[in-house]
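I opened a new structure today and kept notes as I went. Here is the thing itself, before my entries.

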Amino acid sequence: NNLEGLIHNGSLESEQSQFRAHGEEIVKSGDRHYEFRDGVFTSCRCPDPEAQEPWQIRASDVDVEVEGYGTARNTTVDFLGVPVVWFPWMLYPIKTQRQTGFLFPELSLGSRNGFEVGLPFFWAAGQQVNATLTPRWMSKRGFKADSEFEYVYGEHSSGRVFGAYAYDQYIDPDTPEDPFSRNRWNVLGDQDASGPGGLRFQSDFRFVSDNEYPIDFDELRNHVADRFLQSVGFAGRDLGA
């Protein structure tokens, strides 16, 4: 009657999302308040339930308030069963709606850029607009700023625009090896819009500051072998059955 209870070796699954949780001990101490001991959390739904989860989060103690915030202690992030990141303490939002805030940091290490770290910031700019702003630092090249905007309007129209700028300290500008400026940038995106009278407009565009950009940065790595970057636009409508 008081909406409280305790379960040993229990699991919870959301009917509205992919979220799953397991705990050696789960305590429900209020309408929207839960406590987990030795908890495991993931949103993966593998085809084979016996297979290893691609990723999951483990924590010794978790306190969750739905539509509020959760705190976790002694937390590890596991990929294919291997712990790769450990946090002594975490605070994160437990919201059913989009929430403005910082996302998980991005870390990488490579020969072209050196050690790289980025801190994405998600901005719920409106009901129809998402924005993700990511300042990042590369040990060889310096600072770089990424921004991505996603939007929808109407029942059938949507689009995405990504832009980036870096003042590249690694290159020697205007030399035979690097015949371009240290100011390096790219803009790419795609749109699919429905207009009046059954018209449909589509575009898929990519623009970069120099030929070496797809090699040095991640956004266009799948176009490294292309002889040129192609941008296309389309407009049309159905004329009948």
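These are my notebook entries, going from the overall build to single residues.

**Entry 1: the overall build**

I started by reminding myself that this is a predicted model. I looked up the secondary structure and got one helix and 16 strands. Next came the spread of the chain. The radius of gyration is 23 Å, while the globule rule gives 18 Å for 241 residues, so the protein is more spread out than a compact globule. I also boxed the C-alpha atoms along the principal axes, and they fill roughly 70 × 55 × 35 Å. Of the 241 residues, 30% are buried. For contacts, I took those between residues at least 6 apart in sequence, and 35% of them join residues at least 24 apart.

**Entry 2: the nonpolar cores**

Which residues make up the largest nonpolar core? I found nine: A21, I26, F36, F41, A59, V62, V64, A72 and M90. Three strands, β2 (20-28), β3 (33-42) and β4 (55-65), each supply at least two residues of this core. The biggest giver is β4, with three residues. This made me recall a general point: nonpolar side chains in soluble globular proteins tend to be buried together.

I picked A21 from that core and listed its contacts, skipping neighbours within four places in sequence. A21 touches G10, S11, L12, F36, V40 and F41. Then I noted a second, separate core of eight residues, among them M138, A166, L188 and F217.

**Entry 3: aromatic pairs**

I counted five aromatic pairs. Two of them went into the notebook in detail.

F36 and F41 pair edge-to-face, with 5.1 Å from centre to centre and 75 degrees between the planes. Are these two rings buried or exposed? F36 has a relative accessible area of 7%, so it is buried. F41 is at 10% and counts as buried too, because the cut-off is under 20%. Both residues also sit in the largest nonpolar core from my last entry.

F102 and F121 are edge-to-face as well, at 5.0 Å centre to centre and 65 degrees between the planes. F102 lies in strand β7 (residues 101-102) and F121 in strand β10, so this pair ties together parts 19 residues apart in sequence. I checked how open the two residues are. F102 has 58% relative accessibility and counts as exposed, whereas F121, at 27%, counts as partly exposed.

While looking at rings I also spotted a charge over one. R141 lies over the face of F217, at 5.7 Å from the ring centre. F217 is the residue I had already listed in the second core.

**Entry 4: the pairings of β11**

I followed strand β11 (residues 129-138) and wrote down its partners. With strand β9 (residues 114-118), β11 pairs in the antiparallel sense over three bridges. In that pairing, E116 has M138 of β11 as its bridge partner. M138 had turned up before, in the second core.

Strand β10 (residues 121-126) also runs antiparallel to β11, and four bridges join them. Here W123 stands opposite A131. The link between β10 and β11 is a hairpin of two residues.

How many bridges join β11 to strand β12 (residues 142-153)? I got ten, again in the antiparallel sense. Within this pairing, R136 stands opposite K144 of β12. A hairpin takes the chain from β11 to β12 through three residues.

**Entry 5: two residues looked up on their own**

First I tried L107, which is found in strand β8 (residues 106-110). L107 counts as exposed, because its relative accessibility is 60% and the cut-off is over 50%. Leaving out neighbours within four places in sequence, L107 is in contact with F115, E116 and V117. I also took its C-alpha distance to W137: the two are 30 residues apart in sequence and 10.0 Å apart in space.

Then I went to D172, in the loop between β13 (157-167) and β14 (183-194). D172 has a relative accessible area of 46%, so I put it down as partly exposed. From D172 to G233 I got 36 Å, C-alpha to C-alpha, with their places 61 residues apart in sequence.

Key: Residues numbered from 1 in each chain as written. Predicted model: local features only at pLDDT ≥ 70, side-chain atom pairs only at ≥ 80, totals over all residues. Heavy atoms only, no water. Core = buried A, V, L, I, M, F, W, Y, C linked by side-chain atoms within 4.5 Å. Buried < 20%, exposed > 50% of the residue type's maximum accessible area, 1.4 Å probe, protein only. Contact = heavy atoms within 4.5 Å. Pairing = 2+ DSSP bridges. Phe/Tyr/Trp six-rings, centres within 6.5 Å; stacked < 30°, edge-to-face > 60°. Lys NZ or Arg CZ within 6 Å of the ring centre and 35° of its normal. Rg over C-alpha atoms; globule rule 2.2 N^0.38 Å.
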